Each structure stands twice: as structure tokens, then as C-alpha cells.
Amino acid sequence: MWQLFRRERMWTSEPLKGRYDIVIIGAGVHGLATAYYLGKLGVRDVAVLEKSYIGSGASGRNTAIIRSNYRTPEGVVFFDESVRLYEALSAELGYNVLFSQQGHLTLAHTDSAVNGLRVRAEVNQLMGVESRVIWPPEIKRLVPAMDISSRPRYPILAALYHPPGGIVRHDAVGGGEAREAARIGIAIHPFTEVIVIGTSNGQVTSVQSTRGEIRAGTVVNATAGFCSTVARLVGLRLPIVTHPLQAFVTEPLIPFLDKVIVSATLHSYVSQTDRGELVIGGEIDPYGSYSLASTLPCLEVLAAHTLELFPCLSGVKVLRQWTGLCDMTPDYSPIMGEVPGVKGLILDVGWGTYGFKAGPVAGTRIAELIASGKTPDVLKPFSITRFWEDRLVGEKAAAAVSH
Ligand SMILES: Cc1cc2nc3c(=O)[nH]c(=O)nc-3n(C[C@H](O)[C@H](O)[C@H](O)COP(=O)(O)OP(=O)(O)OC[C@H]3O[C@@H](n4cnc5c(N)ncnc54)[C@H](O)[C@@H]3O)c2cc1C
């Protein structure tokens with residue numbers, strides 16, 4: 001008989017032990033990827049502790065854009081490695097994550113924005129990433145439905161075209177990683193919140209969870225929107241402010257858009273899913289907050305801006321709107337690696353509005369750091385020490401709206 005439904009559980013939870021070599025706090029794509037790649041390196045005495053359900057944080061709320069056309073050489077190299085890992089992820093996990101490399105267009109509506117795109121294109125090309133500035137006739141060929149006339153408030157002057165960019169299924173990525181991690185022996189514990197991190201002589205020794213104490217010499221903070229509160233458990237103040245970020249989805253439409261479209265000037269972006277829905281989002285809410293409330297003003301502004309690009313969408317119905325939390329750093333780059341003065345604590349935070357695409361590369365490289373004790377070169381620019389060594393990795397131009 002044909003088996004039309006997958007009947008086995010994606011993963012099962014073993015009883016919580018009182019000791020693990022490594023505890024990872026947070027079961028988003030970063031915590032799960034780190035656990036999975038640690039398991040692949042043969043490091044299996046690992047527990048992932050999640051205060052809610054798996055994927056309940058930003059990893060289950062994002063708009064799943066993958067790309068590597070960043071602004072700094074450090075960022076481009078790092079995110080390019082992630083795109084390559086995403087290209088192989090379905091085969092790696094034995095689970096289809098539906099990665100659609102449909103291409104990504106960042107629009108410029110002003111002369112200064114065109115100059116910004118030229119700089120990004122050159123940095124991208126120098127680092128071997130496919131990315132180039134294109135002009136209205138080619139934009140019209142790639143996205144026939146978009147209004148490239150001089151009618152809108154901000155006519156489109158050019159775009160940065162990045163063919164390898166695209167979208168993926170976020171639930172499939174997190175679920176596939178959790179399934180494989182559990183299969184190779186990693187313990188995944190949902191509904192287990194870490195409330196204390198124990199230290200002795202500057203070395204992490206344990207965590208106290210809502211289900212009891214767990215001893216561990218290595219603890220990874222992969223808690224994104226909550227990373228500052230978790231860091232404070234060891235007295236560490238992170239240069240991070242948590243902001244809400246909203247998005248919404250429309251009713252399904254016939255396929256008409258096979259590129260991800262981003263406009264930093266209009267503070268909005270849009271893509272069409274395989275099911276035909278339009279996924280639309282924008283910039284972070286302008287105030288720091290842990291609120292998951294969605295607001296009507298945000299929906300109205302994003303809808304109006306989307307209509308400037310695609311007047312043909314007038315009358316389309318909105319299905320749902322939601323909000324996630326983003327851990328924003330001053331330079332719009334992540335913070336990864338060890339913390340001077342707190343031995344055994346590893347940071348994988350500061351993922352802001354752009355961390356979903358980095359799950360595989362951050363997971364591989366943090367796992368490598370833990371297993372070898374050596375910081376991989378690709379992580380070095382993103383150490384927390386950059387904030388007092390005056391070497392920020394400024395990615396705001398390429399990361400503020402273009403997730
Ligand atoms: C609307 C929206 C759209 C986005 N779009 C994109 C995009 O298109 N592309 C992109 O690359 N990125 C995007 N992002 C950003 C991306 O989603 C995040 O950067 C990424 O998912 C962070 O993953 P993570 O695993 O670090 O954190 P999360 O997925 O947030 O996981 C952290 C987990 O830690 C848990 N936790 C917190 N505190 C504790 C504790 N004390 N004990 C135990 N567990 C704890 C939380 O419950 C949570 O599940 C978007 C974000 C949002 C909100």
C-alpha cells in the first residue's frame with residue numbers, strides 16, 4: 001500500500017540528564033545547526049534547551065530570504081559560505097527544504113542608492129559572488145509586473161541583481177536539522193528554559209533550567225531576541241537592542257513574481273511563495289521591545305509601499321500578519337565566538353533581521369570552534385572584541401531592509 005503521510009515523529013526527547021559536555025540555549029536554526037554539525041564532528045554529548053516549542057523564535061517567523069550580496073568583504077565571504085551550504089542542505093539532511101534560487105533584486109530609487117549598489121556589486125564580484133547592477137529595461141524583463149515608469153513617487157533607477165539569492169522553507173530547515181540532530185544522538189529538550197548560568201573562577205560550570213540543574217563546561221547562547229537577557233546571567237552586557245519586526249502574507253495569486261524584490265527607500269520587500277502567496281515585510285519597528293504584537297500602521301505602510309511597486313496588487317486580500325524579535329547590533333553584523341573573561345561561554349547572537357540565511361555557516365563554524373578550541377578565520381571579524389577594538393563590520397547599507 002502507498003504511504004502518503006510521514007508517520008514517524010520528526011524527533012523524540014530523551015530524559016533530561018544532569019550533565020552534558022555542551023548545552024546549547026535556544027532551538028532556532030542557529031542552536032539546531034550547531035547541534036547537528038557538532039554531532040557530525042562526533043561530539044554527541046550535547047543538549048539543546050528551548051524554553052518554548054522548537055522554532056518558536058525568529059526562525060519560525062522570518063521571511064526566509066537567502067542571499068550573500070552583502071557590503072563588506074567579511075560579510076560577503078561569510079554569507080556566501082552559507083548560500084553554498086543551503087544549496088546542499090536538502091541532500092545533507094535527506095529532507096527537502098525547498099530552496100528556490102530564483103534571484104534577488106535590490107532596487108535603487110535615488111542616485112546615491114545607485115552608487116551604493118555599484119559599491120556592493122564590486123565588492124561582491126571581487127569576492128566571487130554573482131551580483132551586478134542592472135537598469136530599467138532589464139528589470140522590466142525580469143519582473144514584468146513591476147511599475148518601472150516615472151509615475152511612482154520614487155521611480156526605479158537601477159537594481160542590484162543577485163541570481164543565487166532566493167527563498168527557502170523555514171519550517172523545513174529547522175525541522176530537518178532537529179530531525180537529523182536527534183537521529184545522530186543530540187538531545188533536544190523543548191519547554192526547558194535556562195534561568196541561571198553557573199560559573200566558577202571565570203569558567204561556565206552549569207545551567208539551572210526550569211526542569212532542574214544541568215552541569216556543562218560549554219554553554220552556547222543562541223537565543224537571538226533574548227540573547228541580552230541570557231548574557232546577563234553571567235553579568236555580560238551585550239551591545240544589542242531587541243526590536244520587533246513584522247511581516248504579512250496575502251491570499252494565493254497565480255504565479256507572477258519569480259524574484260525577491262527589496263526596496264530600501266520604500267522600506268519594504270516582497271516575494272511569492274510556491275503556493276502563490278505574497279510574503280511582504282519591511283524594517284524593524286523603531287523602538288526596542290519584546291512585544292510580539294502586530295500593528296495596523298505597519299500593515300498599512302507596507303501595503304501602500306508594495307502597491308507603489310506593483311499597482312496590479314490593488315484589492316488583494318491579506319491573510320495573516322505576525323511579528324518576531326530581532327537582536328540588533330550597532331553595525332548590523334552578528335557577534336560570534338568566545339567571550340574574554342567567561343571561559344566556556346560561546347556567543348552566536350546579534351542576528352538581527354538577517355540571521356536565518358546564516359544558520360548553516362554559523363552552525364558549522366561554531367561547532368568547529370567548540371570541537372577544535374580554535375576560532376575559524378571566517379568567524380574572527382565577528383568577535384565581541386570588535387566593539388572595543390574599533391573594527392566594526394558595517395553592514396547597515398546591505399542589511400537594514402534587505403533581510
Ligand atoms: C519577520 C521576520 C523576518 C525575517 N526575515 C529574514 C529573512 O528573510 N532572512 C534572514 O536571513 N533572516 C530573517 N529574519 C531574521 C531571522 O529570522 C533570525 O535572525 C534568525 O531566525 C535567528 O535564529 P536563531 O536560531 O538565532 O534565533 P531564534 O530562532 O529566535 O531562536 C532562539 C530561541 O531561543 C529560545 N530562548 C530564548 N531564551 C531562552 C532561555 N532562557 N532558555 C531556553 N531557550 C530560550 C527562544 O524561545 C527561541 O526559540 C527575519 C526575522 C523576522 C522576525
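Author: Let's start with one idea: a polar contact is a pair of N or O atoms within 3.5 Å. Keep in mind too that the model above is predicted.

Reader: Thanks! How far is an oxygen atom of the ligand from an N or O atom in the side chain of Ser59?

Author: The distance is 2.5 Å, so this pair falls inside the 3.5 Å limit for a polar contact. Asn62 also takes part through its side chain, with a polar atom 3.5 Å from a ligand oxygen. Trp351 uses its backbone instead: a polar atom there lies 3.3 Å from an oxygen atom of the ligand. Around these contacts, protein covers 98% of the 1000 Å² of accessible area that the ligand has on its own.

Reader: Which residues come nearest to the ligand?

Author: To read a ligand shell, begin with its closest members and then look at the whole set. The shell here has 38 residues, and Glu50, Ala58, Ser59, Ile65 and Lys357 come nearest. You have already met Ser59, whose side chain has the 2.5 Å contact.

Reader: How many residues of the shell are nonpolar, polar and charged?

Author: There are 18 nonpolar, 15 polar and five charged residues. You can also sort the shell by secondary structure: α1, residues 29-40, supplies at least two of its residues, and β13, residues 241-250, does likewise.

Reader: Now for strands. Is β4 mostly covered or mostly open?

Author: Check each residue against the burial limit, which is under 20% relative accessible area. In β4, residues 104-108, five of the five residues are buried. Then ask about the two faces of the strand. His104, Thr106 and Ala108 lie on one side, with Leu105 and Leu107 on the other, and both faces are covered.

Reader: Which strands does β4 pair with, and in what sense?

Author: Follow each edge of β4 to its neighbour. Towards β6, residues 158-162, there are five bridges and the strands run antiparallel. Towards β14, residues 260-263, there are four bridges and the strands run parallel. You can find each pairing by a residue in β4: Leu107 stands opposite Ala159 in β6, while Leu105 faces Ile261 in β14.

Reader: Why is β6 described as largely enclosed?

Author: Its five residues out of five are buried, so the rest of the structure largely encloses β6. Ala158, Leu160 and His162 point one way, Ala159 and Tyr161 point the other way, and all are buried. β6 also pairs with β5, residues 132-134, over three bridges in the antiparallel sense. There, Arg132 stands opposite Tyr161.

Reader: Where is Asn201 found?

Author: Asn201 sits in the loop between β9 (194-200) and β10 (203-209). Those two strands run antiparallel and are joined by six bridges. Ser200 has Gln203 in β10 as its bridge partner. The hairpin has two residues between its strands.

Reader: What is unusual about the phi of Asn201?

Author: Look at the sign of the angle, and then at the residue type. Asn201 is not a glycine, yet its phi is positive, about 50°. With a relative accessible area of 84%, Asn201 is exposed.

Ala224 gives you another case to try. Although not a glycine, Ala224 has a positive phi of about 45°. Its place is the loop between β12 (218-221) and α6 (227-231), and at 23% relative accessible area Ala224 is partly exposed.

Reader: Is Ala358, in a loop, buried or exposed?

Author: Judge each loop residue by its own value. Ala358, in the loop between β19 (342-349) and α8, is buried, with a relative accessible area of 0%. Apart from neighbours within four places in sequence, Ala358 contacts His30, Phe78, Phe79, Ser82 and Trp351. One of these, Trp351, has the backbone contact with the ligand. The C-alpha atoms of Ala358 and Val83 are separated by 8.2 Å, though the residues are 275 apart along the chain.

Reader: What about Thr385, and which residues is it in contact with?

Author: Thr385 lies in the loop between α8 (359-372) and α9 (396-399). It counts as buried at 13% relative accessibility, because the limit is under 20%. Leaving aside neighbours within four places in sequence, Thr385 is in contact with Pro340 and Arg391. From Thr385 to Val194, 191 residues apart along the chain, the C-alpha atoms are separated by 25 Å.

Terms used
Residues are numbered from 1 along each chain as its sequence is written. This is a predicted model: local features need pLDDT of at least 70, side-chain atom pairs count only at pLDDT 80 or more; totals for chains, interfaces and linings use all residues. Side-chain values use heavy atoms; hydrogens and water are left out. Buried means under 20% relative accessible area, exposed over 50%, partly exposed in between (1.4 Å probe, protein chains only). Two strands pair if DSSP finds at least two bridges between them. A residue is near a molecule or strand if one of its heavy atoms lies within 4 Å of it. A polar contact is a pair of N or O atoms within 3.5 Å; within protein, one must be able to donate a hydrogen and the other to accept it, and residues adjacent in sequence count only if both atoms are side-chain atoms. Accessible areas come from the Shrake-Rupley method with a 1.4 Å probe; for residues, only the protein chains shown count as cover. Ala, Val, Leu, Ile, Met, Phe, Trp, Tyr, Cys and Pro count as nonpolar, Asp, Glu, Lys and Arg as charged, and the others, Gly among them, as polar. Contact means heavy atoms within 4.5 Å.
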